[in-house]
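Please open the model in your viewer and keep the sequence panel visible. The tour below proceeds by selection, with a short account of what is found at each stop.

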Amino acid sequence: ALYIIDQTLLPNEEVFIRLDTAEEMYEAIKALRVRGAPAIGICAAYSLYVLARQIEADTAEDFFAKGRMCEALILASMDKDHFGQAMAALDCGYDLLLEKPISPDARECLEIESKANALGRTVIVCHVLRYTQFYQKIHDLLREGVIGDIQSLVATENVAYWHFAHSYVRGNWHNSKTSSPMILAKCCHDMDLILWLSGKQSKAVSSFGALTHFTKENCPEGAKERCTDGCQVDCPYNAPDFYFSRLPGWPANVLHPEPTRENILQVLKTTNYGRCVYKMDNDVVDHQTVNLLFEDDVTVTFTMNAFNKGGRFIHIMGTKGELRGAMDSSKLPITLFDFETRETMEIPMKTGDGIINGHGGGDEGIVASWHEYLSGTYEGVSISDISTSVDNHLTVFAAEKSREEGIVVDVEAYKKTLEED
């Protein structure tokens, strides 16, 4: 139980109330018996704990067999689990906040879209970059026409060498056979963002990329199977050095819920997180470039690369000016250059590198927007429906098809082949 002071009676009386159920806690917040952000946060978090304790399910199948227990779900399982779980959730009557990618299979994406629309359910995909102040500001500037009509857009995602090693060499997304291709797992929200900012549809795509560095051929002489095996090689990817330097925060807390040195060391001795980055079974590319032709002959180049400090960068060229921006640790402003006045305007932005600060505020932004959307109070421009998200995913699938087959892919023709199948 949770005991609170009934704040509606203060300062005349000090009365404690016992709350046992989530409903009682909800009513206490609604009636202002609980006030102040910290107290409300504690009460809300405890109510979620109480609700979670009521759910006895060892598997996803057990959970969905219970039917609809609330209005909406956050589905944040691994990529290949999304399809079955999303379809079951929609059948139960849930609205969804669905982690990206929708599915590693293009046809499964279309099936989720079809079921959601047929049942009238809301599925919001976690394309979190739309919800950052940084990209929302750029979106607003473009809609205001400050640089005229967009002619070209260049975007770069610098993954960061350590982040790539953590997530895409050692981590859950290191092998496309068990997760997704890199362009989908890491970059589908970048591609979604580009389509959103431009306001255009993609017509054709070509892509090039490969895994060239994190391979057995590049393994330093004398390297051990594990960094914890007494490896003496000087290496920026030494696992104990890296994860100990990140205690107690992310990504060390991914390895263990209690990230002490002792616990982390044990994990490094027994899991992929401690293995040599040159001796893994990873297969996702460590660099890739995507070239796109949009409507009205707008040209786009997007690059993902592992070998850098980290951050996202964008350069948009229009008929009246150009815009540059960086979501990285440099804290540089968005800059606008006007062709007519020949002046540069700076718009200060506090972005962070987008890696360790919740995607530049996008993680918090999407949850807040989703709640407002389900409550009927949303007035923003970031949320997209499942049909838009799937359509933007299909451009990503087309890009990967181009990379694998060495061809230029007509996006509309590719979409039609999926629909016909």
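**Stop 1: the paired strands**

Select G321 and D338 to begin: D338, in strand β12, is the bridge partner of G321. The model is a predicted one, in which local features need pLDDT of at least 70 and side-chain atom pairs count only at pLDDT 80 or more, while totals for chains, interfaces and linings use all residues. Residues are numbered from 1 along each chain as its sequence is written, and side-chain values use heavy atoms, with hydrogens and water left out.

Extend the selection to strand β11 (residues 321-327) and strand β12 (residues 334-338), which run antiparallel and are joined by four bridges. Strands are DSSP runs of E with at least two residues, helices are runs of H or I with at least four, and both are numbered from the N terminus. Two strands pair if DSSP finds at least two bridges between them. Six residues lie between β11 and β12 in this hairpin, and K331 in the turn has a positive phi of about 60°.

Next, add strand β13 (residues 343-347), which is antiparallel to β12 and joined to it by five bridges. Here I334 stands opposite I347 of β13. This hairpin of β12 and β13 has four residues between its strands, and R342 in the turn has a positive phi of about 60°.

**Stop 2: D192 and helix α9**

Select D192, in helix α9 (residues 188-198). Is D192 buried or exposed? Its relative accessibility is 0%, so D192 counts as buried (under 20% relative accessible area, with exposed over 50% and partly exposed in between, for a 1.4 Å probe and protein chains only). Leaving aside neighbours within four places in sequence, D192 is in contact (heavy atoms within 4.5 Å) with H127, R130 and N392.

Now show helix α6 (residues 133-143): its axis and that of α9 come within 9 Å and cross at roughly 30°. Axes are lines fitted to C-alpha atoms, for helices over the stretch in contact, and angles run from 0 to 180 degrees between N-to-C directions. The two helices, α6 and α9, are therefore roughly parallel to each other (angles under 35 degrees; over 145 is roughly antiparallel, 65 to 115 roughly perpendicular and the rest oblique). To display the contact, select Y135, Q136, I138, H139, L142 and R143 in α6, which meet L193, W196, L197 and S198 in α9.

**Stop 3: helices α14 and α15**

Finally, select helix α14 (residues 386-405) and helix α15 (residues 411-420), which pack at an angle of about 105° with their axes 10 Å apart. That makes α14 roughly perpendicular to α15.
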